[in-house]
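Hi everyone, thanks for coming. I'd like to walk you through a few helices today, so let's bring the picture up.

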Amino acid sequence: MKAWWAVAFVVLLACRSEPAPPGGVLDRAKFKEVLLEAQLIEARITQEMVTEKRVDGPVLQYYDSLFAAQGITREEFTRTFDRYAARPEELKSVYEEILVDLGRRKDGGK
């Protein structure tokens, strides 16, 4: 009888989905989406600095607009980024996915 419970426990562990993130932290898909858009903001800022010789761009407004459009707060994003920064391999994986997505966008696909 004990063996049956052990097998059931192992099966339950194997079948469970990715655990939900702790409170106040974005799930991976949402974090990736917001981080991708943040990369586009950074590219825009760089472009403005180079082409327009602009050093006083509305950086905070760009990010505030991003967070509002995504329905999140700056604090949620920061908490999530800090959580991933403490897990460099996970953060690297997210950035690798973002690079693939940006490549698709560049090639005309979304």
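Which are the buried residues of α3? Before I answer, some housekeeping. This is a predicted model, where local features need pLDDT of at least 70 and side-chain atom pairs count only at pLDDT 80 or more, while totals for chains, interfaces and linings use all residues. Residues are numbered from 1 along each chain as its sequence is written, and side-chain values use heavy atoms, with hydrogens and water left out.

Back to α3, then. Its buried residues are Tyr62, Tyr63, Leu66, Phe67 and Gln70; buried means under 20% relative accessible area, exposed over 50%, and partly exposed in between, with a 1.4 Å probe and protein chains only. Helices here are DSSP runs of H or I with at least four residues, numbered from the N terminus. The buried set of α3 covers an arc of only 130° around the axis, which puts these residues on the same side of the helix. That arc is taken from the directions from the helix axis to the C-beta atoms. On the face turned away from the buried side of α3 sit the exposed residues Leu60, Gln61, Ala68 and Ala69. The cover over the buried residues includes α2 and α4. Right after α3 comes Gly71, with a positive phi near 70°.

Now for α4. With 12 residues at 1.5 Å a residue, α4 should span 16 Å, and its end C-alpha atoms are 16 Å apart, which agrees; the expected span is 1.5 Å times one less than the number of residues. Buried in α4 are Phe77, Thr80 and Tyr84. They cover an arc of only 70° around the axis, so they lie on the same side of α4. Those buried residues pack against α2 (28–51), α3 (59–70) and α5.

How do α4 and α5 meet, and at what angle do their axes cross? The axes of α4 (residues 74–85) and α5 (residues 88–106) come within 6 Å and cross at roughly 115°. The two helices are therefore roughly perpendicular to each other, a label that covers 65 to 115 degrees. Phe81, Tyr84 and Ala85 of α4 make the contact with Pro88, Glu90, Leu91, Val94 and Tyr95 of α5, contact meaning heavy atoms within 4.5 Å.

One last residue: Asp101, which lies in α5. Asp101 is buried, with a relative accessible area of 17%. Leaving aside neighbours within four places in sequence, Asp101 is in contact with Lys32 and Leu36. Thanks, all!

Notes:
Axes fitted to C-alpha atoms, helices over the stretch in contact; angles between N-to-C directions. Parallel < 35°, antiparallel > 145°, perpendicular 65-115°, else oblique.
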